[in-house]
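Colleague: Got a minute to go through this model with me? I'd like to know what stands behind the terms you use.

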Amino acid sequence: MGRRIGVRLLSSVPALFGVLVFTFLLMRVLPGDPAVFFAAGANAGQAEIDMVREQMGLDKPLHEQLVRYLWDITRGNLGNSMTTGQPVRTDLIERLPASLELTFSALLLALTLALPLGVLAALRPGTIVDHFVRFLCTLGVCVPTFVSGLLLIYVFYYLLNWAPDPTGRIDIFAANAPEITGFLLIDFALVRDWSAWRAAAGQLILPASTMALFVLAPLARMTRASMLAVLGSDFVRTAKSLGLSDLRIIVVYALRNALLPVLTISGIVFSTMLGANVLVEKVFSWPGVASYALDALLASDYAPVQGFVLLMATIFVMVNLLIDILYGVADPRATVA
Amino acid sequence: MEFNRRQGLAAAGGLAASVALPTGEASAQTRAETLRYVTGNAVNSLDPTVPGSTRESFGVSMNVYDRLAAFGRKRLGDNWVFDHNEIRGELAERIDRSPDGRTFAFHLRPDATWHDGTPVTAEDIKWSLDRCVSARSLAPPQMSTGSITKPEQFRIAGPRTVELMVDRPDRLALSNMCVPYAIMINSTLAKRHATTDDPWALAWLKDNTAASGAYMIEQHRPGTQTILRRNDKWKGGALPNFQRVIVQTVPEVATRANLVERGDADLSIDLQPSDVAALEQRGRVKVVSVPQTNGFTHISMNNTIAPFDDVKVRQAIAAALPYQHMFQASLFSRGRALFGADWTGTPPTADFPQPMPLALNLDRARELLRESGHPNGFSTTFTIGTGTSAWAEPMAALIKESLARINIQVDIRKLPDAQFNTGQAERSLPFYTEGGTAWLPAPDYFFRLYFTRPQRWNFASFNNEELNALTREAQFETDPAKYEAACKRMIGILAAEVPLILVWQPLHEAVMARNVEGYTYWFYRQVDFRDLKRV
C-alpha cells in the first residue's frame with residue numbers, strides 16, 4: 001500500500017507542474033501591472049515603477065522569470081507578497097490552518113446534518129419528510145453564502161447578541177492563542193484552556209454554519225439517491241427476510257454500501273469549499289488563504305496567487321488520495337489503484 | 001447532611017464573585033483605556049516608505065514614529081482638521097529659519113529617547129534624513145517636491161542641532177518634514193540590521209520599528225491586526241489618552257458598521273455614505289463628517305487623445321454633466337460641491353480646490369460641440385475602477401444618459417483596480433473618474449502635481465506653457481501677494497481650459513463610540529490616535 005501511495009504521489013507531479021506553469025503564464029497575461037499598482041505613493045513616477053518592477057523580478061524576460069520561479073519553488077521559496085509585505089510561504093503557513101479548520105468544521109457539520117436527512121428522505125420517498133429535505137437543500141444552494149452569512153450575523157450578532165462579534169478566530173481582547181498546530185480547537189484542547197476553546201468554537205459556529213448550509217444539498221441528495229439504490233438491492237431484501245433489526249440493516253448494511261459515492265462527493269465538496277469559501281472568509285474577517293488570494297489577485301500580486309493555486313492543487317491531490325484510501329475502508333473490493 | 005448543594009453553590013458563587021470582581025474591574029478599565037479601530041485595509045509595512053505600503057501603514061507610522069516637525073490642527077465648524085500653515089516641532093523643540101529662507105535649524109528635544117531608552121542624537125537624525133533622500137523607497141520623490149534631494153543638504157550643526165539647507169527658498173521644504181515618509185529612525189538599532197545590499201535596513205524596518213513615537217508596536221500580524229501600546233516616555237507632545245490601540249482588519253464594510261454601532265469597536269472610517277447616513281439617523285454612534293479639504297474627485301479627459309485634445313469638446317462635456325444629480329446619486333450629497341460657482345476669469349480667492357464655474361447647460365454644450373466640428377457627436381469609453389464603483393457607478397450612468405442628449409455615445413467600462421491604474425499610468429484611458437488627495441494642500445503643489453509634466457498624476461496629460469511656468473516660479477515665491485496672484489491665474493487657466501473636471505470633495509467620515517472625542521481629519525486620511533480620548 002505504501003508503495004502504491006508513493007506511485008500515486010509521483011504520478012501527480014506532472015499535473016502539478018502543468019498547473020504551476022499555467023498559473024504563472026496566466027498571471028502575466030492578465031492586463032494589470034503590479035508594479036504600477038504598488039508604486040502608487042504620492043509623487044511616485046516612472047522611476048519608482050521601474051524600481052518596484054525590478055524588486056519583483058518583473059524586469060527580466062519571461063522565460064528567465066519562469067526558470068527562476070521554478071528554481072525558487074524547489075527550494076521551498078514561493079516569493080514575496082507585496083500585499084502583506086511577507087514571504088508567501090509564511091503567509092500560507094499562517095493562514096492555511098484557519099481555512100482548514102473552518103472547512104473541516106463546516107464539512108463535519110454538513111455531514112452530520114446531510115447523512116441523517118438523506119437517509120430519512122430515502123426511507124420515506126415522496127412523503128412530507130422527503131419534500132422538507134428537498135426544500136432545505138434547495139434553500140441552502142440558492143442563497144449565496146455572503147447573503148446567508150450577513151443574515152446570520154444580523155440576526156445572531158446584531159439583533160440577538162448570541163454570537164460573538166464576527167471578526168476572526170478569537171476574541172480580539174482575549175489572550176493570544178498558543179501556536180502549536182494553528183488549529184485553535186486543537187491547540188486550546190492541548191493546553192486545556194477550555195474557556196478559550198469554547199470562545200474559539202463560538203467564533204467558528206456562524207461561518208461554519210454558513211458554509212455547511214451551502215454544501216448541504218449535494219451531500220444530502222447524494223446520500224438519498226445512493227441509499228435508495230441500496231435499499232432496493234437483493235442483500236437488503238435478504239437481510240430483511242432473515243429478520244435482522246431495521247437499525248442494523250440501515251446503518252450497518254445499507255449505509256455502509258451507500259457511502260461510496262457520498263465519500264467521492266465529500267472529497268470534491270471539501271476541495272471546492274477550501275477554495276470557494278472566499279466570501280465567507282471576507283464576511284467573517286476570517287484570516288484564511290482564500291481571501292488572501294483574492295486580495296492579491298485584485299492587486300495583480302503574482303506570487304501569492306501562484307502560491308495559492310499550487311497549494312490548492314497539492315491539497316486536491318492529497319484529498320483525492322485520501323478518498324481513495326477511504327474507499328478501501330468502506331468497500332474492501334476497492335483499492336488504491 | 002443538610003449542608004448541600006445550594007449552600008455549596010452559594011459559597012462557590014460568592015468565592016467566584018469575590019475572585020472575579022477585581023479582575024472584572026481591571027479588564028473593564030483596560031477596555032476603556034483601549035481603542036479598538038476597525039478598518040477595511042491592512043497594515044502591510046511598519047515602514048511607510050516601502051513601495052506598496054498602504055494608507056493604513058501611514059496612519060500607524062504617524063503614531064509610532066516621530067518626525068522633526070508636525071502640522072497643527074484647527075477647528076472647522078464643530079470638527080478638527082489639520083492646519084498645514086501652522087507647523088510645530090515634534091522631535092525638534094524649536095525650528096529656526098534663516099532670514100533668506102534657505103536654512104532650517106532643528107533643535108532636538110534634550111530629553112527625547114528612542115523606544116529602547118537610548119537618547120536621540122543628531123547623528124540619528126542625519127542618518128534618517130539621508131535615508132529619506134537616498135534609499136530606494138517612495139520617500140525621495142516626495143522629498144524632491146520640497147527641493148530636498150541629496151544628503152549634502154543635511155548638516156550636523158551641534159550636539160543636538162541638525163540643519164537643512166535648500167538652494168532656493170522652497171515654500172514646501174519644511175512641510176515635507178511633516179509627511180508620513182519623513183520618519184526619524186534610531187540609526188544605531190537600524191544599522192545593526194543593514195546589509196551591503198540594503199544599507200538603509202528597508203527589509204528589517206518593514207516588520208520592525210526603531211522609533212521614538214507616542215506608541216510602540218505590541219503585536220504586528222500583517223494583513224490581520226496590529227496592536228499599539230502607549231510609550232509613556234514620549235516627549236513629542238501631550239501623552240495620549242489611550243494606553244492601547246487595536247488596529248484590526250475587518251474586510252466587510254457592513255460588519256464594521258455593526259461593530260461600532262453595537263459598541264464592540266470604538267472607531268471606523270471609510271464606511272459607505274449610505275451606511276453612515278443610516279447610522280447617523282439611528283443615533284447610537286457619533287459621526288464626524290469633514291470635507292476632505294485636500295482631496296477631490298475628478299472626471300478626467302485625456303488631453304492628448306482626439307477628440308479631447310480640442311478645448312471646445314472639453315468645454316462641451318463640462319457643460320453637459322448633470323452635476324447636482326451626480327452629487328446626489330454618488331455621495332448622497334455628503335461632500336463639498338466643487339461646481340456651481342458664478343465667477344468668470346479670475347477666482348475670488350487663491351484657495352484650491354474651490355468651486356469652479358461649472359453648470360449643466362445642454363444648449364451651450366450642443367453649440368460648443370458644433371463649433372468643435374462634431375455636430376453629430378462621437379463615441380467614447382468612460383472607465384471606472386472596481387474600488388471606486390460604489391460612487392463611480394451611479395455617476396457613470398448619469399454621465400452616459402446626459403451625454404447621449406448631445407449625441408455623445410458613452411460605453412461604461414469597469415476595470416479591476418490594478419488594470420485601472422495601469423491604464424491610467426500608460427495614459428490609455430480617454431475618459432475616466434477617480435479621486436485624488438494632495439498631502440500638502442498648497443495651490444501651487446496641487447497644480448504642479450496634478451496638471452504639469454508628463455507623469456502619472458497629471459491625470460489629463462495637460463501641458464500648458466503658462467501653467468508650467470507659473471508652477472515653477474510659485475514654488476519659490478516669497479512675496480505673499482505675488483504668490484496669491486499666481487495661484488489665482490492657475491485656477492483661471494483651469495477654468496478656461498477644463499483639462500479635467502473637478503466635481504466635489506467627498507466627506508471624510510469617521511464613525512465612533514459616543515464617548516470618543518477629539519477626532520481630527522489629517523492630510524493622509526487616517527486616524528491619529530494621539531488626538532483621541534474617551535470621556
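Colleague: How do you know that contacts in chain B join residues far apart in sequence?

Modeller: Take the contacts between residues at least 6 apart in sequence: 69% of them join residues at least 24 apart. Two residues are in contact if their C-beta atoms, placed from the backbone, lie within 7 Å. Keep in mind that this is a predicted model: local features need pLDDT of at least 70, side-chain atom pairs count only at pLDDT 80 or more, and totals for chains, interfaces and linings use all residues. Residues are numbered from 1 along each chain as its sequence is written, while chains are lettered from A and ligands numbered from 1 in the order in which they are written.

Colleague: What makes the radius of gyration of chain B agree or disagree with a compact globule?

Modeller: The rule is 2.2 Å times the number of residues to the power 0.38, with the radius taken over C-alpha atoms. For 535 residues that puts a compact globule near 24 Å, and chain B has 26 Å, so the two agree. Along the principal axes, the C-alpha atoms of chain B fill a box of roughly 105 × 70 × 45 Å.

Colleague: Why is strand β13 of chain B called largely enclosed?

Modeller: A residue is buried if 20 or more other C-beta atoms lie within 10 Å of its own, exposed if 12 or fewer, and partly exposed in between, again with C-beta atoms placed from the backbone. Seven of the seven residues in β13(B), 295-301, are buried, so the rest of the structure largely encloses this strand. One side has Gly295(B), Thr297(B), Ile299(B) and Met301(B), the other Phe296(B), His298(B) and Ser300(B), and both faces are covered. Strands here are DSSP runs of E, at least two residues, and helices are runs of H or I, at least four, numbered from the N terminus.

Colleague: What makes β13(B) and β17(B) a pair?

Modeller: Strands pair if DSSP finds at least two bridges between them. Seven bridges join β13(B) to β17(B), residues 431-437, and they run antiparallel; Gly295(B) has Thr437(B) as its bridge partner. Strand β18(B), residues 500-512, is also antiparallel to β13(B), with four bridges, and there Leu500(B) stands opposite Ser300(B).

Colleague: And what makes a nonpolar core?

Modeller: Buried Ala, Val, Leu, Ile, Met, Phe, Trp, Tyr and Cys residues joined through C-beta atoms within 7 Å. The largest one has 153 residues, with Leu267(B) and Val503(B) among those with the most contacts inside it. β18(B) gives the largest share of this core, nine residues.
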